[in-house]
Structure formats: C-alpha cells, structure tokens
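Visitor: Hi, got a minute to walk me through this one?
Guide: Sure, let's have a look together.

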Amino acid sequence: MKILLLAGDGIGPEIMVEAEKVLAVLALPVTLDRALVGGAAYAATGHPLPPETLDKAKAADAILFGAVGDPRFDNVERHLRPEQAILGLRAALGLFANLRPAKMFAGLEDASALRPEVASAIDLLIVRELNGDVYFGEKGTRTTADGQREGYDVMAYSESEVRRIAHVAFRAAQGRNKRLCSVDKANVLETSQLWRDVVIEVAAEYPDVTLTHMYVDNAAMQLVRNPGQFDVVVTGNLFGDILSDQASMCVGSIGLLASASLSEGKQGLYEPIHGSAPDIAGKGVANPLAMILSLAMLLRHSGGDEASAARIETAVAKVLADGCRGADLGGDMGTTALGDAVVSALNNQT
Ligand code: NAI
Ligand code: MG
C-alpha cells in the first residue's frame with residue numbers, strides 16, 4: 001500500500017510525527033511518501049494544493065492528512081487560502097463519504113461536556129456528505145438593487161449525490177446497530193425535502209435498518225440531551241460539519257475524533273476532524289490521538305487490515321484508561337509524551 005503523508009500546517013506536522021511513530025512500530029509493508037499542502041505549500045509554491053501534491057495524492061492508495069489553515073494567509077484570495085487544499089482534494093479525488101465515529105472512551109466520562117451518565121452511552125457514527133451542499137455550490141458576492149453588498153452560496157443536492165451517500169450510511173448501519181437517523185431541514189429547505197425523499201427510496205433496499213428523520217436543529221439538541229439514542233446519522237455537508245464538532249465535545253475533546261473520507265473506489269483520505277489549531281501550534285501540546293486514530297481508520301478502510309486498526313484503537317483506549325491526558329482533557333502531557341504512551345502500549349500488547 002502506498003500512503004501519502006500530508007502534514008499540512010499549524011499543529012498538522014506535530015501530530016503527524018506521532019502517527020508516523022505508531023506506523024513504524026507496526027512495521028507494515030507500506031511505502032510512504034510526503035508532500036506539501038495548505039499553508040506550508042502556499043508559502044513554498046504560492047498554491048495550497050500544488051500540481052505535484054495532487055499528482056501524488058491521485059497515485060496513492062491512501063492519504064493521511066494532518067490539518068490546514070494558516071492564519072497568516074487568511075487574507076489571500078479565497079481560492080488560494082490553505083483550507084482550499086482539503087476542499088480541492090475532496091473534489092479531485094471524489095471523496096464524497098465522510099465517516100466520523102464518536103465513542104465514549106472508558107475513563108473519560110468526566111471530561112465530557114455532558115453529565116457522565118449521559119456521555120457514557122455515546123457510540124455513534126456521523127456519515128457526512130462531502131462533495132456537495134453550500135461548500136461546492138455557486139458562490140459569490142454581488143450588489144443588490146438598492147446598492148447593498150450581498151454574499152451568496154447555493155445549497156444544492158442532486159438525487160444521485162443523495163443516493164450514493166445514503167447507500168454508504170445504510171451499509172454502515174447494517175454493520176452496527178441497524179438504526180439510521182437522517183438529519184435535514186425538510187420543513188424549510190427544498191434541498192432537504194429531496195434529500196428526505198431519496199433516503200426513503202433507498203431505505204427500501206435495506207429492510208433490516210430502522211430509518212428515522214430529524215430536523216437539524218432538533219438533532220443538535222438531541223445530541224446533548226440523549227446522544228445514546230443515535231447509532232448512524234446521515235446528513236449533508238454543512239450540517240455534518242457542525243454536528244460532528246458538537247459530537248466531539250460530547251466525548252471530551254475534538255482532539256480525539258478521527259475521520260475517513262471515502263470515494264467509490266478503495267482510495268481514501270484520513271484526517272482528524274479538527275483544524276490546524278493555530279492558537280496552540282508550535283507549543284507541543286496538541287492532542288495527537290485523533291491523528292493516530294485516523295491512521296487506524298486508514299489501515300481498516302484502505303488497507304483491509306482490521307487487526308492493525310484494532311491494535312491501534314486498543315492502545316489508545318489503554319492510554320486514556322491509564323489516565324494519560326493532554327491539556328485539552330485537563331492534563332499536562334504534551335504531544336510527544338502522548339505519542340510515546342501509545343507506542344509503549346502497542347509494544348506491550350501480547
Ligand atoms: P480548530 O479545530 O483548528 O480548533 C478549534 C479549537 O480546538 C482550538 O481551541 C484548538 O486549539 C482546539 N484543538 C483543535 N485540535 C486540537 C488538538 N488536536 N489538541 C488540542 N486542542 C485542539 O478549528 P478553528 O480554530 O476553527 O480553525 C483553525 C483553522 O483550521 C482555520 O483556518 C480553519 O479553516 C482550519 N480548519 C481546517 C480543517 C482541516 O484541515 N480539515 C478543519 C477545520 C478547520
Ligand atoms: Mg469542521
């Protein structure tokens with residue numbers, strides 16, 4: 001398997017080092033390559049996703065991605081901003097299905113923003129559509145008839161886009177607890193009404209899965225009131241972005257949530273759900289566990305190596321159960337120390 005490492009900027013390079021340590025311990029038959037992306041690429045080449053990086057990405061079986069979002073470049077033209085690199089990769093590689101699992105780790109209940117007895121029940125998977133919605137619709141600024149500036153971003157989903165993400169979500173539910181909640185805003189949005197209609201059509205092919213629907217505002221509320229009710233949640237790009245950050249705080253920290261972005265084929269991109277965290281970049285305090293768990297997802301989905309994925313997840317769970325905590329979880333362990341703890345947990349596995 002050819003893995004491309006795209007560390008990016010901000011805390012990306014710091015946490016990528018820890019994932020590489022974990023990969024080294026596993027001693028798997030993989031070839032590694034590296035390329036610049038985001039702010040690091042913009043600083044070196046003037047573009048956040050240079051052609052050589054995109055070529056390497058297309059040639060890789062899997063991509064492990066750190067984070068992008070260097071505030072030094074916040075005021076460059078939008079298409080040159082570091083964040084455009086991840087949007088560009090999602091579009092160019094057809095990464096339409098974003099899987100974002102959130103599960104309560106034993107021993108972390110006290111770190112959740114929720115009451116421990118509510119938080120302990122969390123074991124859900126958000127399936128977020130990643131190639132459509134307002135992020136990819138027509139956008140721009142214009143002047144209204146009365147001379148005001150107006151910004152616009154078009155929200156649109158075609159039925160084929162909804163159908164393919166629905167299939168991913170139903171299959172994921174079949175492999176879990178067979179419950180799927182589709183989140184939309186069908187009471188006010190045409191896009192959502194079509195979404196709901198198509199999800200209901202697809203449901204006919206999965207009679208073993210129980211399908212429910214929820215409006216996104218209620219879903220945000222239910223996610224903190226009773227997150228244990230959710231098994232798989234399927235939703236659009238914008239709602240999924242917001243709900244998954246919310247889910248992260250329910251399990252303790254955004255530094256714990258990994259994700260897989262999958263295409264129709266075997267290729268995938270794997271990244272923590274957080275961004276480049278410029279407020280803590282360079283301080284050695286970023287939590288590397290979301291990055292390390294993203295590597296586990298890579299080995300499972302693109303490598304077909306369930307055993308190695310499970311080994312990593314078991315090691316991370318052990319480290320957290322042993323009380324290892326970074327600053328994001330109220331502890332004082334730095335990025336390197338946390339990575340070392342995972343490495344030693346792996347080495348001690350029997
Ligand atoms: P963020 O996720 O980078 O940070 C939000 C908060 O969480 C910050 O206080 C940060 O310190 C903390 N945090 C994030 N990851 C952490 C970790 N591993 N350990 C400990 N604390 C952590 O989101 P924010 O601040 O809204 O965005 C920063 C930049 O990242 C922006 O330029 C944004 O566009 C970009 N971004 C990039 C993403 C990507 O690369 N896929 C995703 C989200 C945002
Ligand atoms: Mg986000």
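Visitor: Which domains does the chain have?
Guide: The assignment gives domain 1 (1-98 + 255-350) and domain 2 (113-250); such bounds come from an automatic or database domain assignment. Just so you know, this is a predicted model, where local features need pLDDT of at least 70, side-chain atom pairs count only at pLDDT 80 or more, and totals for chains, interfaces and linings use all residues. Residues are numbered from 1 along each chain as its sequence is written, while chains are lettered from A and ligands numbered from 1 in the order in which they are written.

Visitor: What separates the centres of the two domains?
Guide: 24 Å, taken over C-alpha atoms.

Visitor: And how many residues does the contact take from each?
Guide: Twelve from domain 1 and 14 from domain 2, with contact meaning C-beta atoms, placed from the backbone, within 7 Å.

Visitor: Which element gives the largest share on the domain 1 side?
Guide: That's α4, with three residues. Helices (H or I, at least four residues) and strands (E, at least two) are DSSP runs, numbered from the N terminus.

Visitor: Switching topic: where is Y42?
Guide: Y42 sits in helix α2 (residues 39-45).

Visitor: Is Y42 buried or exposed?
Guide: Y42 is buried because 25 other C-beta atoms lie within 10 Å; the cut-offs are 20 or more for buried, 12 or fewer for exposed, and partly exposed in between, with C-beta atoms placed from the backbone.

Visitor: What does Y42 touch?
Guide: Leaving out residues up to four places away in sequence, Y42 touches H47, P48, F73, L80 and P82.

Technical notes
Contact = placed C-beta atoms within 7 Å.
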